[in-house]
Amino acid sequence: MSSFLRPAIEGQDPLISGDQYGPYGQYRPISSHLAIAPPVSVVIPAMNEAENLPYVFKTLPAWIHEVILVDGNSTDDTVRVARDLWPGIKVVRQRGKGKGDALISGFAASTGEIIVMVDADGSADGHEIVSYVSALVSGADFAKGSRFANGGGTDDMTPIRKLGNRVLCAVVNAKFGARYTDLCYGYNAFWRHCLDKIDLDCTGFEVETLMNIRVVKAGLRVQEIPSHEYVRIHGMSNLSAVRDGLRVLRVILKERGNRRTGRRRPPAFAAGAGRGEVS
């Protein structure tokens with residue numbers, strides 16, 4: 001059994017301190033028979049998602065360490081609803097624009113050893129987080145969600161988006177030696193140490209592709225996790241198949257030209273903590 005996952009002890013306090021539970025000093029029950037030691041942070045970028053947040057939060061497991069909402073200057077009640085749903089939530093006010101910028105701000109504000117990325121539109125099922133965490137504590141560095149791995153699925157992709165994703169995925173596999181079944185999907189989880197190696201520096205939806213490429217270039221251990229993507233519940237997506245597809249292609253071409261990621265720079269996000277205002 002993993003040193004991070006161990007049987008929960010019936011009748012004991014759910015948060016137990018002591019060296020017997022590893023370097024993190026406590027464990028959190030996942031079920032009546034299983035517990036986890038590393039603290040898990042969930043980062044949720046959101047802009048005007050007040051109507052969707054109840055669906056997102058009701059699937060989040062109670063054993064996670066913290067939830068970080070990165071608010072992209074919402075004009076609705078996104079922040080108030082989030083605080084009502086998850087007391088103690090950490091809210092980061094995004095100063096820049098774009099999903100990539102929001103995630104970078106959220107990662108900088110997180111304190112967990114494991115970080116999980118979850119969209120705020122209701123398309124992701126928080127119950128799947130245990131599968132991602134299990135893959136990480138079993139030896140993976142990066143747990144990558146896939147809608148096209150065996151057991152995954154999607155209710156929210158048009159034929160043209162599926163074709164584009166398939167083509168771009170094939171290009172990444174051929175150019176970087178990856179074996180991905182999905183490329184442009186935002187449900188992922190990873191150990192904090194990965195941030196020092198992938199050095200994120202983009203602001204838009206292409207951030208997911210950049211992460212997938214750089215974890216391969218960094219030689220990190222990647223495991224795909226079958227995931228089901230549901231239809232956005234309320235509102236309209238800001239995703240544009242053509243515009244964002246071209247941005248993804250530019251990232252691929254740029255990364256192909258760069259033989260290595262910027263490992264001589266300071267550790268990723270060491271200087272990025274000021275990107276958002278935490279409240």
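**Helices α5 and α7 in the predicted model**

Leucine 163 is found in helix α5, which spans residues 159-176. The structure described here is a predicted model. At a relative accessibility of 46%, leucine 163 counts as partly exposed, because this value falls between the 20% limit for buried residues and the 50% limit for exposed ones. Together with Ile160 and Val167, Leu163 makes a nonpolar surface patch of about 280 Å². An α-helix has 3.6 residues a turn, so residues three or four places apart point the same way.

Helix α7, which covers residues 207-217, is mostly covered, with ten of its eleven residues buried. The buried residues of α7 include the nonpolar side chains Val207, Leu210, Met211, Ile213 and Val215. Glu208, Thr209, Asn212, Arg214 and Lys217 are buried in α7 as well. Just after this helix, glycine 219 takes a positive phi of about 75°.

These two helices belong to a protein chain that has eight helices and 13 strands in total. Of the 279 residues in the chain, 51% are buried. The accessible surface of the chain comes to about 13,100 Å², and carbon and sulfur atoms account for 52% of this area. With regard to contacts between residues at least 6 apart in sequence, 74% join residues that are at least 24 apart.

Technical notes: Residues are numbered from 1 along each chain as its sequence is written. This is a predicted model: local features need pLDDT of at least 70, side-chain atom pairs count only at pLDDT 80 or more; totals for chains, interfaces and linings use all residues. Side-chain values use heavy atoms; hydrogens and water are left out. Helices (H or I, at least four residues) and strands (E, at least two) are DSSP runs, numbered from the N terminus. Buried means under 20% relative accessible area, exposed over 50%, partly exposed in between (1.4 Å probe, protein chains only). Contact means heavy atoms within 4.5 Å. Accessible areas come from the Shrake-Rupley method with a 1.4 Å probe; for residues, only the protein chains shown count as cover. Patches are made of residues with over 30% relative accessible area and no salt bridge: like charges are joined within 9 Å, nonpolar side chains (Val, Leu, Ile, Met, Phe, Trp, Tyr) within 5 Å. A salt bridge is a side-chain nitrogen of Lys or Arg within 4 Å of a carboxyl oxygen of Asp or Glu.
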